[in-house]
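Me: Could you take a close look at one part of this model for me, the turn and the strands on either side of it? I'd like to know how that part sits in the rest of the protein.

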Amino acid sequence: MKRNKKLLISLLVLPLLFSGNNTNYLKNHIKSPLFASGDDSYTPKMVVTTFNGNSKNEIGITWHLDLPSLNQTAELVEASINDFSSSEVIKLSIGKGVSLEPNLGADDAGKVYKAKFTNLKPNTKYLYRVGNSENYSDIHSFITSGDNGAFSFAHISDPQGWSYSDYDPGFLQTLKNASTKNPSLIALTGDIVDRAKEGKLNNAYNQWLWALDSTKEYLKDTIIAPVSGNHETGKYQFSSRFNLKNVDTDDGISGNYYSFLYNEAYFLCLNTNDTLNPTNPDTCTGLSDNQLNFIKSDLEKNKTAKWKFVLLHKGLFDPGEHSSNKQYEEGTYHDYDIDKIRKQLVPLFDQYNVDVVLQGHDHLYSRTLPTIAKNNGYSVGEYAEEIVNHNGKEYKTKYVTNGTIYCNTSTASGSKYYNVTTYDENMMHFEIAKGMTPRMYTNYEVDGDYLFVDSYEIDAFGEEKVYESWALTKSEIKNDQPIDEGNEEENNDKSSNTGLIVGLTISGVVIIGIAVALAIIFIKKKKGK
């Protein structure tokens, strides 16, 4: 009888739970892949490690709870000690290194916790956990920067999932494959979720959980360097998920901009949402003065770095529907701010010799030739090439005198793919441009004077294969005739034309020689008569 009463009460209460705001409660608390991972309300979720200041001795941590708790700590110890009961453990708590913040994203009632560890040792592996003795998180790890030394990082972009399956197995499989290369950091160039846009926040929190919590197995042993995409324009949606270095002029509303050094590489991370009216050709703007001033001063401060990388979401040069300057000219273009940002940034990247720009937004694969601003447009800079063998593989390696390479690495989840669209070939110079590519990621290995790059495509079964390999070097290549203009096809055409001219010239000489010989024979015969 009691059992029947309980069943009756449950049936009466269930419709009430599904009504109104209680739907969000169910999504956040019922353990089902259709909603959020619904463990205890005080279990730390979305625990991520980010750069926050000097990467040699500072690191940022973020985590979320469904319900607020003042009993939250962050504990860190060197991996060589590997004992959280050791006296060497650094422990932070609320008000003493850990801050409890309201979730300004305003799409859920969860609470955001941020911690920052300082005074760490360079080039050292650390372990940490957050929470408390009743509900600790998994143990995470990271390696602080040193002064030099080889390291690798992964470029991953646009998981932008709508459903749980986009993240598991989609995004999770990409992270799993990338983790086999042991990246020290992941450059995550935006659109991590789909529904975090201003005015379209329904289900955003669950998507963040799927992106950062369901995939934690392959995020917990690296540092994330994220930038916000156009699907994260909702107020504080991005900045509530990551504990990044606070730039005084950055309000964090639509994303963040920041930078860091890792060994001999400088990373400049930008917020391409920091514009006005991007879809209005008459009133759209480029990046704000605050961000542009930060970019200029930060590039100047780090101008001596051996390697320079820029991370941004909206690509300055790619052959997709968002960045195609041909569509802009024809009036069918709908991201008018990209042209403005391109004009702001490319001359700066030329001035400070930025090596590679890592992009997102258009879900396709592309890589430009070294590109420079020239004559109110964009041309191919000067470079030379040679083949370099590394780890048993051949890399077509460029020594770039001037110019920056702009790269897209498709989508990390396979939620959607884009075609290559028409673009002005006099303005955009691609060495490779491929639409409708499968799930992909790119691994960058920084090794002294060389940067070795391998891009991978992943099939439906999680198997990967190398899509393409290339490299850059800081060691001068002394080619007799360095390639300095046009794309590869144009240079091949020039070589073909040169061969044709040489062939015709040789043929002409042979014909003339034969004619002269016949004339001499004819004259001799005539004299003999």
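**A turn and its two strands**

Reply: Asp449 is partly exposed, with a relative accessible area of 29%; that label sits between buried, under 20%, and exposed, over 50% (1.4 Å probe, protein chains only). Before going on, keep in mind that this is a predicted model: local features need pLDDT of at least 70, side-chain atom pairs count only at pLDDT 80 or more, and totals for chains, interfaces and linings use all residues. Numbering runs from 1 along each chain as its sequence is written, and side-chain values use heavy atoms, with hydrogens and water left out.

Asp449 lies in the loop between β24 and β25. Helices (H or I, at least four residues) and strands (E, at least two) are DSSP runs here, numbered from the N terminus. The hairpin of β24 and β25 has 2 residues between the strands, and Gly448 takes a positive phi near 60° there.

What does Asp449 hold on to? Its partner is Lys306, in a salt bridge whose closest N and O atoms are 2.9 Å apart. For a salt bridge, a side-chain nitrogen of Lys or Arg has to be within 4 Å of a carboxyl oxygen of Asp or Glu. Side chains of opposite charge can pair when their charged atoms come close. Lys306 sits in the loop between α5 (289-301) and β15 (307-314), so the pair ties together parts that are 143 residues apart in sequence. Lys306 also counts as partly exposed, at 29% relative accessibility.

Now for the strands themselves. β24 covers residues 439-447, and 7 of those 9 residues are buried, so the strand is largely enclosed by the rest of the structure. It has a pairing partner on the far side of the hairpin: β24 and β25 (residues 450-458) run antiparallel over 9 bridges. Two strands pair if DSSP finds at least two bridges between them. β24 is also paired with β10 (residues 151-156), again in the antiparallel sense, over 5 bridges. Thr442 is a handy landmark for both pairings: it stands opposite Ser455 in β25, and His155 stands opposite Thr442.

That brings us to the packing. The largest nonpolar core has 77 residues, and Phe153, Ile156, Leu185, Phe267, Phe309 and Tyr444 touch the most other members. A nonpolar core here is a set of buried Ala, Val, Leu, Ile, Met, Phe, Trp, Tyr and Cys residues joined through side-chain atoms within 4.5 Å. In soluble globular proteins, nonpolar side chains tend to be buried together. The largest share of this core, 7 residues, comes from α4. That helix, residues 204-212, is mostly covered, with 9 of its 9 residues buried; Trp208 and Trp210 are among them. Leu185 gives a feel for the packing: leaving out residues up to four places away in sequence, it touches Phe51, Phe151, Ser152, Phe153, Ala154, Thr222, Ile223, Ala225, Phe260, Tyr262 and Phe267 (a contact being heavy atoms within 4.5 Å). A second, separate core of 28 residues includes Phe294, Leu312, Leu345 and Tyr423.

Back to charges for a moment. The structure holds 25 salt bridges. One of them joins the side chains of Glu464 and Lys181 (2.8 Å, N to O). Glu464 is in β26 (residues 464-473) and Lys181 is in the loop between α3 (164-179) and β11 (185-189), 283 residues apart. There's also a salt-bridge network linking Arg367, Glu385, Lys396, Lys398, Glu431 and Glu468.

If you're wondering about cysteines, the disulfide count is 0, with sulfur atoms within 2.5 Å as the rule. Cys269 is buried at 0% relative accessible area, and Cys284 is buried at 7%.

Zooming out, the protein has 8 helices and 26 strands, and 54% of its 529 residues count as buried. Among contacts between residues at least 6 apart in sequence, 71% join residues at least 24 apart.

Last, the confidence. The mean pLDDT, the predictor's confidence in each residue from 0 to 100, is 84, and 80% of residues reach 70 or more. Over residues 1-39 pLDDT is below 50, and this stretch has 40 contacts beyond near neighbours in sequence. Residues 480-529 stay under 50 as well, with 25 contacts beyond four places in sequence.
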